[in-house]
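Please open the model in your viewer and keep the sequence panel beside it, since the stops below are given as selections to make one after another.

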Amino acid sequence: MAIYETPRLLGAGEGCLVVEFADEIHRPSNARLQLLRRSLEDAPPAGLRECVPTYRSLAVYFDPLVCRREDLEDRIRGSLTEFRDEEEAERSVVVLPVCYGGEHGPDLANVATHTGLSQEEVIRRHTARDCYCFMLGFTPGFPYLGGMDESLATPRLANPRTVIPGGSVGIAGKQTGVYPMDSPGGWQLIGRTPLRLFDPNGTPPTLVDAGDWIRFQRVDEKTYVDLEAQVTSGAYRVTRIREGGSR
């Protein structure tokens with residue numbers, strides 16, 4: 001695996017510059033690209049259109065009629081020299097209440113059988129660690145999360161479902177994630193959150209952003225129903241915790 005001390009700047013057409021931080025998935029490198037993204041978004045250069053993070057690179061879209069690529073490269077190089085040590089940076093933790101098993105987690109038994117753990121132990125390990133959001137993809141607001149206890153790794157379903165309810169929490173390989181809306185999918189479903197991860201009328205429209213951390217919090221069925229009613233009425237306030245350093 002190659003980690004680039006000086007990220008590579010690659011052209012991707014007349015209006016896109018890709019800043020590559022590594023050649024494989026590496027969380028500290030992803031954290032660096034999130035810092036670059038926020039630096040550009042907080043004080044956008046003229047002509048900046050959008051910054052799109054991936055696992056290991058940042059695509060910077062710009063208007064070539066307004067912004068010269070050379071000027072953008074100079075700005076990016078300058079921003080890269082300003083970053084603090086990532087481990088000292090503040091982190092944003094989004095708490096997601098999840099009701100595990102039953103109709104909300106129809107594949108919890110599959111995961112338990114595959115891993116050789118009890119269902120209770122699967123839940124305990126899934127809620128024991130904060131998970132890092134590398135990127136959003138697949139559908140709007142779908143967080144690809146790293147950091148799940150690897151003992152929970154379970155292959156995708158052999159036959160994907162045509163419809164998975166929004167809010168479903170799943171496992172696929174060593175990853176865990178949350179379906180923001182009803183959609184097809186093949187992840188092993190172990191629970192469901194009543195929160196809405198994507199609202200096209202919201203500001204911003206996504207609950208979780210790349211670079212955030214997610215803390216899964218177990219709730220029972222009654223609490224799930226109560227929270228769902230609060231979300232529907234608009235009374236629910238998402239718990240977002242600011243922390244420094246590693247947990």
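**Starting from Leu207**

Select Leu207 and, leaving aside residues up to four places away in sequence, display what it touches (heavy atoms within 4.5 Å): Val94, Leu96, Leu195, Arg196, Leu197, Asp212, Val238 and Arg240. The model is a predicted one, in which local features need pLDDT of at least 70 and side-chain atom pairs count only at pLDDT 80 or more, while totals for chains, interfaces and linings use all residues. Residues are numbered from 1 along each chain as its sequence is written, and side-chain values use heavy atoms, with hydrogens and water left out.

Next, add Leu96, Val122, Ile190, Val208 and Phe216, which with Leu207 touch the most other members of the 31-residue largest nonpolar core. Such a core is a set of buried Ala, Val, Leu, Ile, Met, Phe, Trp, Tyr and Cys residues joined through side-chain atoms within 4.5 Å, where buried means under 20% relative accessible area with a 1.4 Å probe and protein chains only. A second, separate core of 15 residues includes Leu9, Leu58, Val60 and Cys67.

Return to Leu207 and select Arg196, Asp199, Val231 and Val238 with it: of the 17 residues lining the second largest pocket, these five lie nearest its centre. A pocket here is an open set of points on a 1 Å grid over the protein atoms alone, where a 1.4 Å probe fits, with protein on both sides within 12 Å along at least five of seven lines; lining residues have an atom within 4 Å of a point.

Finally, centre on Thr203 and Pro204, which are joined by a cis peptide bond with omega about 0°, and then on Phe138, which has a positive phi of about 70° although it is not a glycine.

Technical notes: Buried means under 20% relative accessible area, exposed over 50%, partly exposed in between (1.4 Å probe, protein chains only).
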